[in-house]
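Trainee: I would like a close look at a single part of this model, the place where the two chains meet. Please take it slowly and in one piece.

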There are 2 protein chains.
Amino acid sequence: MAKHDLNLDLIFQALSDPTRRAMLARIGQGPLPVTELARPTGMALPTILRHLSVLEGAGLITTEKQGRTRMCAALPETLAATEDWLSTQRLQWEARTDRLEALLAMTTPPNPCRSSSH
Amino acid sequence: MAKHDLNLDLIFQALSDPTRRAMLARIGQGPLPVTELARPTGMALPTILRHLSVLEGAGLITTEKQGRTRMCAALPETLAATEDWLSTQRLQWEARTDRLEALLAMTTPPNPCRSSSH
């Protein structure tokens, strides 16, 4: 997935729900049918389908009809691109902190104790 | 921030809004007063304060009253921990794919074209 295709609003919205994160983790273990995904949750199929639609809309999974079964599969490249976005933000923050520290070191007067020892 | 302190619901909810992501990027450039953060946005102060409260509740920023000014500062460790969570998920997905590919390679019959050349 190209970076410009990322819809961070939809991705973060999809990830903000613990049920959807749990579903994503299960789908990440390997493609599986919707019915199998629903079984251990005890949730109604329409609820599962609504969550899957949010995950699919965000580009985190894909679903495909195979005969009478709808299969779900993870799209790890969307997670990777989201990680990239977070890490770019964090590196910018850290670079700023490093620059401030360097500036502070340059403007700090020499240690008077060291000077007096000469 | 320890991993168990991470509230992924609140973090992803906070990051799902483009206004909050833009505010976060500005705060990441260095601590600044709320009034300065509000100025270029043209948004009313109560709106800004509501977004800041969501970012602070998620542990992405901290705010502190200094005299009559409220200062905002970024907390990069929360972004780093969120990145860790995403990368753990992705690595689990990729490990599964690698295992499946290895299994497929083991169970694939030898290439008949290669065999016939002997």
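Through which surface do the copies meet, judging by the interface residues of chain A and chain B?

Mentor: Bear in mind that this is a predicted model. The copies meet through the same surface, because 100% of the interface residues of chain A are also interface residues in chain B.

The symmetry comes next. A turn of 180° with a shift of 0.0 Å along the axis lays chain A on chain B, with an RMSD of 0.1 Å. That relation is the one of a two-fold axis. Within chain A, the residue that comes closest to the rotation axis is Phe12(A), whose C-alpha is at 2.4 Å.

Now the extent of the contact. On the chain A side 28 residues take part, and they are in contact with 28 residues of chain B. Between the two chains an area of about 2,700 Å² is buried, and carbon and sulfur atoms give 68% of that area. In chain A, the residues that lose the most area to chain B are Glu83(A), Leu86(A) and Trp93(A), which together account for 26% of what that side buries.

Glu83(A) deserves a longer look. This residue lies in helix H5 of chain A, which covers residues 76–107. Its relative accessibility is 11%, and the limit for buried is under 20%, so Glu83(A) counts as buried. Leaving aside neighbours within four places in sequence, Glu83(A) is in contact with Glu83(B), Leu86(B), Ser87(B) and Arg90(B). The list thus includes Glu83(B), the residue with that number in the other chain.

Arg90(B), one of those partners, can be followed from its own side. Arg90(B) lies in helix H5 of chain B, residues 76–107. Arg90(B) has a relative accessibility of 15% and therefore also counts as buried. Residues up to four places away in sequence not counted, Arg90(B) touches Pro76(A), Leu79(A), Ala80(A) and Glu83(A). The contact between Glu83(A) and Arg90(B) appears in the list for Glu83(A) and again in the list for Arg90(B).

One packing detail within chain B completes the answer. The axes of helix H2 (residues 18–28) and helix H4 (residues 45–57) of chain B come within 10 Å and cross at roughly 75°. H2(B) and H4(B) are therefore roughly perpendicular to each other. From H2(B), the residues Thr19(B), Arg20(B), Met23(B), Leu24(B) and Ile27(B) meet Ile48(B), His51(B), Leu52(B), Val54(B) and Leu55(B) of H4(B). Sorted by class, this contact has 7 nonpolar, 2 polar and 1 charged residues.

How values were computed. Residues numbered from 1 in each chain as written. Chains lettered and ligands numbered in written order. Predicted model: local features only at pLDDT ≥ 70, side-chain atom pairs only at ≥ 80, totals over all residues. Heavy atoms only, no water. Axes fitted to C-alpha atoms, helices over the stretch in contact; angles between N-to-C directions. Helix = DSSP H or I, 4+ residues; strand = E, 2+ residues; numbered from the N terminus. Parallel < 35°, antiparallel > 145°, perpendicular 65-115°, else oblique. Contact = heavy atoms within 4.5 Å. Nonpolar A, V, L, I, M, F, W, Y, C, P; charged D, E, K, R; others polar. Buried < 20%, exposed > 50% of the residue type's maximum accessible area, 1.4 Å probe, protein only. Least-squares fit on C-alpha atoms with pLDDT ≥ 70 in both. Buried area = accessible area lost by both parts, 1.4 Å probe.
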